[in-house]
Amino acid sequence: MSKNVAAIVRGNKTIDLENWKIPELGPNDVLIAVSAVGICGSDLKYWAYGKCGRFSLDGVPMVIGHEAAGVIEEVGQNVKTLAVGDRVAIEPGISCKQCDHCISKRYNLCKKMRFCATPPVHGNLCQYYVHDADFCFKMPENISDEEGAMLEPLSVAIHTCRRANISKGSHVIIFGAGPIGILCGLVAKQRGATQVLTVDIDSHRLKIASEFGAADLTYCVDKSLQDVAVLATELQTIANDDGCHAALECSGADISLKTAVHVCRPGASVLLVGRGSAEVPLPMVKAGTFEIDIKGIFRYANTYPEAIELVSSKAIDVQRLITHRFDLESANEAFLTASDPHQRAIKVMIRC
Ligand SMILES: [Zn+2]
Ligand SMILES: [Zn+2]
């Protein structure tokens, strides 16, 4: 274990593979030999531009990666629930466990959250990684390491569908057929949604969403369309209902967010999963008189046990989303593939 190859980003569209010091093992920590790490949209932003949303590298190199699973190599002296050799999925955020948000179980809102590959916290696209045992989840035999890494994006979908109150009979409209939009569709169907209509500008992604059973109906938006009223009318014609119970905005496109409010039935929710412009004008009179709840989504909390159950019971097949696989030595190629629309990648997985 003398060497620990890590994938470092500097915001110049290059991955530098460097030998990285393994952090010290605290009494509540475990040392993990990382085996599989998925590449996420936020990883690509740090890789390409050195920043993502309100977080920035500020010139400091960072180990990338936050969707990971691996095998425990060593446990801290206080760790009783995990043992050497256990295969675990890593929940990438470590919260303070003491503030109001943590105590009320909404620890994703913790101000002291230390989240993998969010500056100044390093990620886990490396060979060896130290993490708080409370945020490592032992996986049953029938979940692969790659599936373990997929529990992270699946968690976003679970958190979103919970906050959207999606249940038996729900009609749902999802904007964006990327990995998160597809996973949201799968979780919504699993929760009993009777109609999921997925909207995107990419017909190939919509085809995949249908094939995976994540969408009952799809609509491909013409890129040049900027008229919210036209788009809302089109979607309402296809949905052929009284509006949706929940509109999940997973695209980050401003027009989708505006349209989301218009396609809601009274009492419905709009979920802000994707990140678009900092300020977007919305139809607030409609939102007010229809009592539409506009809800933020920031990562997730308390989702890993349910995610493990959904994958272990075969209720959701996350493996199908993995379109490309690379070894850690080929991390550069992996990031180029994930960022190139022509490659049609859904999820790129790196084996460490
Ligand atoms: Zn992610
Ligand atoms: Zn806290």
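Let's start with the largest nonpolar core. This is a predicted model, and that core holds 57 residues. Seven of them touch the most other members: Leu 151, Leu 154, Ile 166, Val 172, Ile 182, Leu 248 and Leu 321.

Which elements build this core? At least two residues each come from helices H3 (145-163), H4 (179-190), H5 (203-211) and H9 (304-312), and from strands E13 (171-175) and E16 (244-249). Helix H3 gives the most, eight residues.

Now, where does the core sit? Domain 1 (5-138 + 318-351) supplies residues, and domain 2 (156-296) does too, so the core lies between the two. As a general point, nonpolar side chains in soluble globular proteins tend to be buried together.

Take Ile 182 as an example. Leaving out residues up to four places away in sequence, Ile 182 touches Ala 177, Ile 208, Ala 209, Phe 212, Ala 214, Leu 321 and Ile 346. Keep Leu 321 and Ile 346 in mind. Apart from this core there is another one, with 41 residues. Its members include Met 62, Ile 90, Leu 328 and Ala 331.

Next, the domains themselves. The chain is divided into two: domain 1 covers 5-138 plus 318-351, and domain 2 covers 156-296. Their C-alpha centres are 29 Å apart. In the contact between them, domain 1 uses eight residues and domain 2 uses eleven. Together they bury about 870 Å², with 64% of that on carbon and sulfur atoms. Which three residues of domain 1 supply the most of the area it buries against domain 2? Arg 320, Leu 321 and Ile 346, with 60% of that area. So there are Leu 321 and Ile 346 again, both touched by Ile 182.

Last, the metal. Which residues hold the zinc ion, ligand 1? Four protein donors: Cys 40 through SG, His 66 through NE2, and Glu 67 and Glu 152 each through OE. They lie 2.2 to 2.7 Å from the zinc. Along the chain, the donor spacing reads C-x25-H-E-x84-E. Cys 40 is in the loop between strand E3 (29-38) and helix H1 (41-49). His 66 is in the loop between strand E6 (62-63) and strand E7 (67-75). The pair therefore ties together parts 26 residues apart in sequence.

Is His 66 buried or exposed? Buried, with a relative accessible area of 4%. As for geometry, the angles among the four donor atoms run from 83 to 168°, and the site is irregular.

Notes
Residues numbered from 1 in each chain as written. Chains lettered and ligands numbered in written order. Predicted model: local features only at pLDDT ≥ 70, side-chain atom pairs only at ≥ 80, totals over all residues. Heavy atoms only, no water. Donors = N, O, S within 2.8 Å, 3.2 Å for Na, K, Ca; no water. Tetrahedral: all angles 85-135°; square planar, octahedral: opposite > 155°, others 65-115°. Helix = DSSP H or I, 4+ residues; strand = E, 2+ residues; numbered from the N terminus. Buried < 20%, exposed > 50% of the residue type's maximum accessible area, 1.4 Å probe, protein only. Core = buried A, V, L, I, M, F, W, Y, C linked by side-chain atoms within 4.5 Å. Domains from an automatic or database assignment. Contact = heavy atoms within 4.5 Å. Buried area = accessible area lost by both parts, 1.4 Å probe.
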